[in-house]
Amino acid sequence: MKKKEMASQAVDGSNSALQSDDNRSSEMLNEEENAQLSRNMPRQSSRMSALDVNIPVTLTWKDLEIFVKEPNTESYLSRCCVKKADKTEKKPQSDVGNVNEQPREEPAYSSGKTPFPRPTNETGSINSEDAPQTGNRTQNSLSPQNSAQKMAPASDWASAHGGRGWKSSAVEPGDVTNSNIADSANRCPPGMKQIVFGVNGIVKGGTMLAVMGASGAGKSTLMNVLAMRNLKNYTMRGEVRVNGFAVTNEIRNISAYVQQDDLFIGTLTVRETLMFRAYLRLDQRLTAQELSEKVDEVLLEMGLLNCMNAYVGVPGSNKSISGGEAKRLSFACEMLTNPPIMFCDEPTSGLDSFMARTIVRTMQRLVFLHHIVICTIHQPSSEVFALFDKVLLMAGGRVAFMGTSVRAMEFFNTLGHVCPSNYNPADFFILTLAIAPEEEQSSRRRVAVICDAYEKTPEAALMRKPLDQNLTTSDELRSKLFSRSRKYQAGWIKQLGVVLWRSWISLSREVWVVRVRIVTGLLVSFVIGLIFLDLKYDQKGVMNIGGATFSLLLVVSFNNLFSVLHTFPPEIPLFLRDHGSNLYRCDVYYLSKSLAELPMLIMVPALVVSIAYWMIGLEDDVGTFFLAVIYFILAGNVAVAFGHIVATVCADEGVAVALAPPLMTPAMMMGGFFLNSDSIRWYLIWIKYLSWFHYGNELVTVNQWKDVEHIQCDEPGYRYGNVTLHINTCMFRTGQDIIDHLGFSEDDLDFDIAMLFILWIAFRLLAYTFLFLRAKLISQ
């Protein structure tokens, strides 16, 4: 009796600690903050966007099973699916789908070491008579009337295997045991492993849910599935409903997703970042003044007024906002649309306890407006943990508990896991559900007991009960939730103007990058001019002039190429996120970026050629000079288009920089300087037609020599008696001799210009295709 009283006192102490945390958190919201919240709520609800929904929503998910591609599926399942004791008989395969047995009572939890003390008189299980009896439960099959609304990958797999669908066992709610998981594992698609097992849940409007668990518990995977984002390599089974309507990708239309990484354009200010999204996401009938007022409201709500004119910057630089301000800016970008559901991926990671509390309070602002906030969170402080309305504890892909934190403490105490006094409940839950490497088997048995026991609790029954009953809905609500007149809120012209403005601002404000490109180009041009200074038009000068012009062609190409490789890949993750959120089109982004960088791609080659041209002493004619500048600019822009192909294919900047030079080498070898154009092997001739070095070199060479009628030639003479003999040692007497020797022709100038434009367009289209495919793959 004394031990039982001690256990109950421990529970009361933990519950009182949680309640005291709640009280302290409530007290910390002083009257001024409450008044501010009340002032902000009407303004926010009046914000117009495609996501505005005035009716509270309820998000439910039923029997979610998630699979991921894994070559070694059996070994993974043998580690993750903890089976019952050896004495438990395995049900034959023929019984699957027609199982109706009484729940087996779990033995007392006694194996392994517990991370926390427990009462010795506890049995480690919940009696079966205490579990709610709701009858047999079967998982939903893909019926004809709702197969279009169910998640398709599983049905596709079932139909591909002769109609052998995924019919799970009809078991009692309290009988979801590890043996059932093992049976489910045997029905995994080929080459897949199961990481989430039959998860149920419900979240009503005005609730902030914390999804917690140790690493590998499946919490991030579950949230990604609910948000229908980042689903590459996943196959799902089950259903997700909003107010009774089965949804898949439609949930993106009524939800926002705050990712863990804060992706912004560092050269924009905080206010400009919000204005950019406001122009593209809010109602297009709003005027610029009204949009500005909406942005000011969000700045006030998020506490960003003090830094609204500060540059976002790059993390780690001197001119950037703090980590907490960046995280609040991420929330502000999503709150512009007033979403009824918000998913947050570890919003407090990397922040101190004060900033973490500020971010959670920011999420509470949405909860006060009867919105749903679901977030994964790692080891919050006790004060932050007390701010959440409910917790969802996961372990091994199963639900260990879902409900209030006070009920969670009571549930764990019933199983013999008592949280010590003055201990952070969040740390207690995570440590209890963690799989310790040195005690893996005992840890897995402990987790299995907890998950099995939860299935017999009233909370688990409550999670299942509403799922079988459609909420009262209406056509008007369905129209507001899921109907959109078009995929993008802004039109094509509006998107182009706004994205072009951002691209131009981003490039023009990178002052040091612009200066470095200009200074580097001028310096290299000056060095080439000094090396080939004032060349003479003689037999030796012919080779020197050819080397000078081809060196300028290399400098222009590589300078433009590497400027793209260093700036384009870092922006692609931001583009993929914005495109996945239906912010703007892929062609709009690529066209805007190409137009914004075009002035620099014209100015830098022109400066490089202008200085070196006159220092080298090339053809002294203004028309010839301007033609040479145009030819160099054309060749340099083709190199930029080629750089876009490499940048869109490679996901990493370092890989792109390492891959580009080897890919350019064959085209450079076929340029006509290292290898005569008439000497190229027939099986490599196709490379010449893809080489902008060849076309550029031919244009520049013909432009240089076509009007040169005399090349100095000093022929040595030898006297033989009274007769002087002159030996013909001059290879080139006119410019046409040089053109013919190199295998070039003046008649090919128009063809060369046309081919440079064709290569420029083809490389651009190919780069756009790769970018579009990447965006399409990510969105799917």
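This text walks through two parts of a predicted model: a set of paired strands and a nonpolar patch on the surface.

Strand β4 is a convenient place to start. The strand spans residues 234-242, and eight of its nine residues are buried, so that under the 20% limit for relative accessible area β4 counts as mostly covered. On one side of the pairing scheme is strand β1, made of residues 58-69. β1 and β4 run antiparallel and are joined by eight bridges. One position to look up in this pairing is I66, which stands opposite M236 in β4.

β4 also pairs with strand β5, residues 245-247. Here three bridges join the strands, and the direction is again antiparallel. Within this pair, V242 stands opposite F245 of β5. β4 and β5 form a hairpin with two residues between the strands. In this hairpin N243 takes a positive phi, near 55 degrees.

The other part to look at is on the surface. L522, F526, L530, L533, M603, L607 and I611 make a nonpolar patch of about 560 Å². Two helices, α18 (511-531) and α20 (586-616), each give two or more residues to this patch.

I611 serves as an example of a patch member. This residue is found in helix α20. Why can I611 be called partly exposed? Its relative accessible area is 31%, and partly exposed covers the range between the buried limit of 20% and the exposed limit of 50%. Patch residues need over 30% relative accessible area, so I611, at 31%, passes that cut-off.

Key:
Residues numbered from 1 in each chain as written. Predicted model: local features only at pLDDT ≥ 70, side-chain atom pairs only at ≥ 80, totals over all residues. Heavy atoms only, no water. Patch = residues over 30% accessible without salt bridge, like charges linked within 9 Å, V, L, I, M, F, W, Y side chains within 5 Å. Areas by Shrake-Rupley, 256 points an atom, 1.4 Å probe, with all protein chains shown as cover. Salt bridge = Lys/Arg side-chain N within 4 Å of Asp/Glu carboxyl O. Helix = DSSP H or I, 4+ residues; strand = E, 2+ residues; numbered from the N terminus. Buried < 20%, exposed > 50% of the residue type's maximum accessible area, 1.4 Å probe, protein only. Pairing = 2+ DSSP bridges.
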